[in-house]
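Here is a brief report on one structure. It starts with empty space inside the protein and then turns to packing.

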Amino acid sequence: GFRSERSGDDFPMPVVLYSVSMEAAVPETPKYLHAFAIMLPAIALCWGLCRMFLKGPQSALLPDFLLYICAGFLVKTVCGTFFPDSMALLTKQNDSFVAIQFVALFFFMMPSCANLRFEGLGSHAKEVGSLVTGCVLAFFLALLSAPAIAKFAPDPLFVDTDEHTRFAHFLVLSLGTMVTSIPFLTKILLSNGLLKSRFGKSLLLSACIVDVVVWVIFSIALSISSSGGADIGTAGWQILRAIALIGLTLGIGIPLVRWGATALQRNSWLDFLFALAVAGGTLAFTMLVGLEPIVGMVLAGLVAGSARDHIAEGLDRLEKLAGTFGAPVYFICVGFSINLTTTPNFAMIVVFLLWTSAIKIGSVAVTTGFLRQPSWSSLGFGMAMNTRGGPGLVLAAASYSAGLVSITGFMALTLTSILTAVMTDLYLRSELRNGRVPLPHQGNKL
């Protein structure tokens, strides 16, 4: 959540986070302390109930993240009945609530990004180039067609905003088309025996590149929304500046971390503390030079993950911490943030799913057609890259918390992220049953 209700304005994430640090020394009013005292037990209650539910056989009925969001929303609603004033403060995104969300998101995103590996990129250049080009093409097609979708059903996916900031909202929906899930793809490829194939390797390498681009553009959308408008020159300068700062962070951070990791004594807890210090330091540096925190989290994971060969046990501990606490607390906070004052437009959710899937699958199928593979193989690439999954869910939550989409937009991004993963799994299973293996002449050796 990145909104300040005390002035009624929306601010970009860094402004709110800086306000947290500047006001840390100022005691909060008893009213805010009361709200905070209610929130922590409420989050603990949600976490405990969900963990109990997930241990049972019924856990397969509902995805983990959706369970945490629902639990957060229901507990907030119940607590709001008994403590309406205090819960109203929480839903207004006060500084304490923002800080908890930020820390939870850091421990959720950083370990995931630490698993991104770019080794082998050169030997898969053709496939990766085609897939990334297809995703970029899908982004621009979605951006060009978004105004027509908005006119087709006025204001179903956006918050009430003026013309100057509408471009930021179009960017978010276009990113919802472009984003690709590495964790979901990994699980699907593994279950279908394709993880070690050239097809699977090309998909995962492409998804790494695409997701880094997505978060850079998302940070630009946040900046545009906060500044109240956009022009081509400003957007172009922000992109070039972001690329330069990202290159600087990775160029300095990765060699330093690898050097430090080689000098480290082999100890799992020491590795854990080292990885945490590296990630925290990288995040602090990126925020200091002006990058959006969410981009800093991605870079923190990439820098820490570059030394995985030396601190694997420490990164594994961070990943377990993320799965046990980081992701659950973040999605519980998302549930706390949901305010169903209006009924979601379910027709537009279906339109969003069909619109973005057609663009993504078609674009990737066209660009991979240059690999001179059979048409069904190009379609397989398109279906696989259409898997939005976890990054799509984080994009939905971050966009909703930042006020970039309405509840309809949030549900559209969320449900599309889930359903596209299901579509990919079913399609690949069907193709394999018919004896069709993507990239059949390329072999299965990595």
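## Cavities

In this predicted model, the structure holds 2 cavities of 30 Å³ or more. The second largest cavity encloses about 30 Å³ of space. Its lining consists of Gly176, Val179, Phe352, Arg388, Gly392, Leu395, Leu413, Thr416 and Ser417. Two elements, α16 (389–401) and α17 (407–433), each give two or more residues to that lining. The top contributor is α17, with 3 residues.

## Thr177 and its contacts

Thr177 belongs to helix α7, which spans residues 166–178. Is Thr177 buried or exposed? Its relative accessible area is 0%. The cut-off for buried is under 20%, so Thr177 counts as buried.

Set aside the neighbours within four places in sequence. Thr177 then touches Ala138, Ala142, Thr356, Ile359, Lys360 and Arg388. Arg388 also appears in the lining of the second largest cavity.

## Overall fold

The protein has 17 helices and 0 strands. It counts 446 residues, and 54% of them are buried. Take the contacts between residues at least 6 apart in sequence: 84% of these join residues at least 24 apart.

One pair shows such a separation in sequence. Val136 and Val214 are 78 residues apart along the chain, while their C-alpha atoms lie 9.8 Å apart in space. Val136 sits in helix α6 (residues 125–152). Val136 has a relative accessible area of 30%. That value falls between the 20% and 50% limits, so Val136 is partly exposed.

## Nonpolar core

In soluble globular proteins, nonpolar side chains tend to be buried together. Here the largest nonpolar core has 129 residues. Which residues have the most contacts inside it? They are Leu203, Trp215, Phe218, Tyr330 and Phe410. Helix α9 gives the most to this core, with 17 residues.

Tyr330 has contacts far along the sequence as well. Beyond its neighbours within four places, Tyr330 is in contact with Gln101, Ala104, Leu105, Phe108, Val394, Ala397 and Ala398.

## Aromatic pairs

How many aromatic pairs are there? The count comes to 7. In one of them, Trp215 and Phe218, the ring centres are 5.7 Å apart and the planes meet at 90 degrees. The centres are within the 6.5 Å limit and the angle is over 60 degrees, so the pair is edge-to-face. Both residues lie in helix α9 (residues 198–227). They are 3 residues apart, about one turn of the helix. Trp215 has 5% relative accessibility and counts as buried. Phe218 is at 0% and counts as buried too.

Trp269 and Phe272 form another edge-to-face pair, with 5.7 Å from centre to centre and 80 degrees between the planes. Why are Trp269 and Phe272 separated by about one helical turn? They are 3 residues apart in helix α11 (residues 268–288). Phe272 is buried, because its relative accessible area is 11%, under the 20% cut-off. Trp269 has a charged partner as well: Arg317 lies over the face of the Trp269 ring, 4.1 Å from the ring centre.

Key
Residues are numbered from 1 along each chain as its sequence is written. This is a predicted model: local features need pLDDT of at least 70, side-chain atom pairs count only at pLDDT 80 or more; totals for chains, interfaces and linings use all residues. Side-chain values use heavy atoms; hydrogens and water are left out. Rings of Phe, Tyr and Trp (its six-membered ring) pair if their centres lie within 6.5 Å; planes under 30 degrees apart count as stacked, over 60 as edge-to-face and the rest as tilted. Helices (H or I, at least four residues) and strands (E, at least two) are DSSP runs, numbered from the N terminus. Buried means under 20% relative accessible area, exposed over 50%, partly exposed in between (1.4 Å probe, protein chains only). A charge sits over a ring if NZ of Lys or CZ of Arg is within 6 Å of the ring centre and within 35 degrees of the ring normal. A nonpolar core is a set of buried Ala, Val, Leu, Ile, Met, Phe, Trp, Tyr and Cys residues joined through side-chain atoms within 4.5 Å. Contact means heavy atoms within 4.5 Å. On a 1 Å grid over the protein atoms alone, a cavity is a set of points where a 1.4 Å probe fits but cannot get out, and a pocket is an open set with protein on both sides within 12 Å along at least five of seven lines; lining residues have an atom within 4 Å of a point. Grid points are joined across faces, edges and corners, and a volume is the space filled by probe spheres set on the points.
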